[in-house]
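Let's walk through this protein together, one question at a time. Have the sequence and the structure open beside you as we go.

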Amino acid sequence: MSILTLVVSVTISTLTYKKNQKDESIYLANTISEIIAYNAAVPIAFDQRVGLNDFLNTLKSVKEILNVHIYKVDEESQSIKFFTSYNSGDIAPIVEQKDRLNNLLTPRFNENYLEYSLPITHTKLDTVIGYIYIKLSTSSYHNDLYELLKINLIIILAVVIVAFVIAHSLRNRILKPITRFVDELETASRDPSFAKKVSPIEFDEISVVTNAVNELLAKIAQQIRRFSLAEEEITELNQNLEEKVVYRTKALKESNQELLTALEQVHQYQSQVIQSEKMASLGQMVAGVAHEVNTPIGLGVTASTMLSDRIDEISSKLDDKTLSAGQLTAFLTESKENTQIIYRNLTRAADLISSFKQVAVDQTAGVIREINLHSYLDEIITSMQPTLKKYRHIITVDCDDRISITTKPGPLNQIIINLIMNSILHGFKSMEQGDISITAEESNGNCIIIFRDNGCGIEQKIKQKVFDPFVTTSRGDGGSGLGLHLVYNLVTQALQGSISVESQLTEGAIFTIEFPSKLQSSKHD
């Protein structure tokens, strides 16, 4: 590795020296050319060769200069003409180079010389009046480079020899003991009991290692004995553990069975509570409708009783032949008014009963049928009038009269009723008058119902589990926490849809219900 580093270092230094010598040659050629150009500008301008030749003869002291040509640019024809030259004493003249001047503006290296040309400019007019061609010898540069290479090769050879001798000596004095140490260590490591030791080495530095290895082998042997004892203890513990696992597994199975039984009972209780909630809602509706129907029927009974009494009175007067025309006219007028009263109230009672009948049938039977959505929402609100008239809350329905859907009206009825009662009992519990809006539309084969109220809103911790069973904010007031859970089950299971809620405290609540507008019968229907 050291030899490789030395070779790389020598190579880099040689290349660096070569580049520096090349740069120096270029710098020398450029410097000499600029000096000659400066001294040749005036003689060329005034065609004075004698003075210029005297100056060129002073270049003999620069041994690297081989040839110098000076060319003049004709003012009229702009052609290049030979003006004068200089040749080193033992160097023969060379042919004119005027055709190569433009190509030699960048220095060009050949095997043993450098060629370079430089324009001569007029000092005042700043125009090219001539050119200089110079040829420099690079043989001394090559000789220096060869000498450097020789010295570097000698140094590398000497280093290789010295390194070989040192390596051979180190191998005999150090590597052989280390090799023996490694062999003994391998032998000791193959001993299962790690009872063998390694022989000491005469070098202090390595003897420390041998002592540490022997101590390590002793600790390993001691640890192996400890592991053997621990393994025996673990084996005994495993046997006891297996017995405990069997016992605990049996107990766990019994606990799981008890939990499953309890969970099944909870599901049954939940189903019963939900069914009770549905029947309680229906019973409340029955009681309200019965109370509401009593009023028109009572008015009808009163009117019919009055009419019957008047008939008896007229009949008596007719028998006594004391009936006058005026009495008969008054009787007919009163009779007509009473019959109209009876008709209006019986019609009102019939409408209430018809509306209740359809809603009640839908609520108890999960039959799929086609309904006009707007009319059905109105029927639901009408059936709730006995309950709603106790409050001042306002309910508005925004739905296109042309929307007809095929679904289960019963679950839809229960959903709307539960949402309205949820708003009344929880959202409006501290309000005298609240607003409820029910918006319905049909889009992409789905029916979307948006139920809004401006009540007190839902807390964040309650909103996250508002559809879970037995979650209520009015448990002390008799709330069961099953209203919205029933709504969720009806939407997702009966209507095969989805429901979501958005609410902030004091900002009311928005329930968005989406379900297929053409519900298909399932295996469970």
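Q: Is Glu232 buried or exposed?
A: Keep in mind that this is a predicted model. Glu232 sits in helix 4, which covers residues 204–319. Its relative accessibility is 54%, and the cut-off for the top class is over 50%. Glu232 therefore counts as exposed.

Q: Which residues form a negative surface patch?
A: Glu232, placed in helix 4, is one of the members of this patch. Patch residues need over 30% relative accessible area, and Glu232 has 54%. The negative patch is made of Glu231, Glu232, Glu233 and Glu236.

Q: Which residues make a nonpolar surface patch of about 430 Å²?
A: A good place to start is Ile161, which lies in helix 3, residues 139–189. With a relative accessible area of 48%, Ile161 is partly exposed, and patch members need over 30%. The nonpolar patch is made by Leu157, Ile161, Phe164 and Val165.

Q: Where does Ile380 lie, and is Ile380 buried or exposed?
A: Ile380 belongs to helix 6, which runs over residues 373–383. Its relative accessible area is 0%, and the class at the low end is set at under 20%. So Ile380, in helix 6, is buried.

Q: Which residues is Ile380 in contact with, leaving aside its neighbours within four places in sequence?
A: Ile380 is a buried residue. Take Ile417 as one example: Ile380 and Ile417 are 37 residues apart in sequence, yet their C-alpha atoms are 7.4 Å apart in space. With neighbours within four places left aside, the contacts of Ile380 are Leu412, Asn413, Ile416 and Ile417.

Q: What is the N to O distance in the salt bridge between Glu313 and Arg310?
A: Both residues lie in helix 4, 3 residues apart, which is about one turn of the helix. Glu313 is partly exposed at 36% relative accessibility, and Arg310 is partly exposed as well, at 21%. Their side chains meet in a salt bridge with an N to O distance of 2.8 Å.

Q: Which residue forms a salt bridge with Arg402?
A: Arg402 is exposed, at 71% relative accessibility. Its partner is partly exposed, at 32%. The closest N and O atoms of the pair are 2.9 Å apart, and the partner is Asp400.

Q: Which residues are joined into one network by salt bridges that share partners?
A: One of the links is the bridge between Glu313 and Arg310. Salt bridges with shared partners join these two residues with others into one network. The members are Arg310, Glu313, Lys317 and Glu334.

Q: What is the N to O distance between Lys98 and Glu96?
A: Lys98 is partly exposed, with a relative accessible area of 33%. Glu96 is partly exposed too, at 42% relative accessibility. Their side chains meet in a salt bridge, and the N to O distance is 3.8 Å.

Q: How many helices and strands does the protein chain have?
A: Let's finish with the whole chain, which has 525 residues, 33% of them buried. Its accessible surface comes to about 32,800 Å², with 56% belonging to carbon and sulfur atoms. The secondary structure amounts to 10 helices and 12 strands.

How values were computed: Residues numbered from 1 in each chain as written. Predicted model: local features only at pLDDT ≥ 70, side-chain atom pairs only at ≥ 80, totals over all residues. Heavy atoms only, no water. Helix = DSSP H or I, 4+ residues; strand = E, 2+ residues; numbered from the N terminus. Buried < 20%, exposed > 50% of the residue type's maximum accessible area, 1.4 Å probe, protein only. Areas by Shrake-Rupley, 256 points an atom, 1.4 Å probe, with all protein chains shown as cover. Patch = residues over 30% accessible without salt bridge, like charges linked within 9 Å, V, L, I, M, F, W, Y side chains within 5 Å. Salt bridge = Lys/Arg side-chain N within 4 Å of Asp/Glu carboxyl O. Lys, Arg positive; Asp, Glu negative; His and termini not counted. Charge placed at Lys NZ, Arg CZ, Asp CG, Glu CD. Contact = heavy atoms within 4.5 Å.
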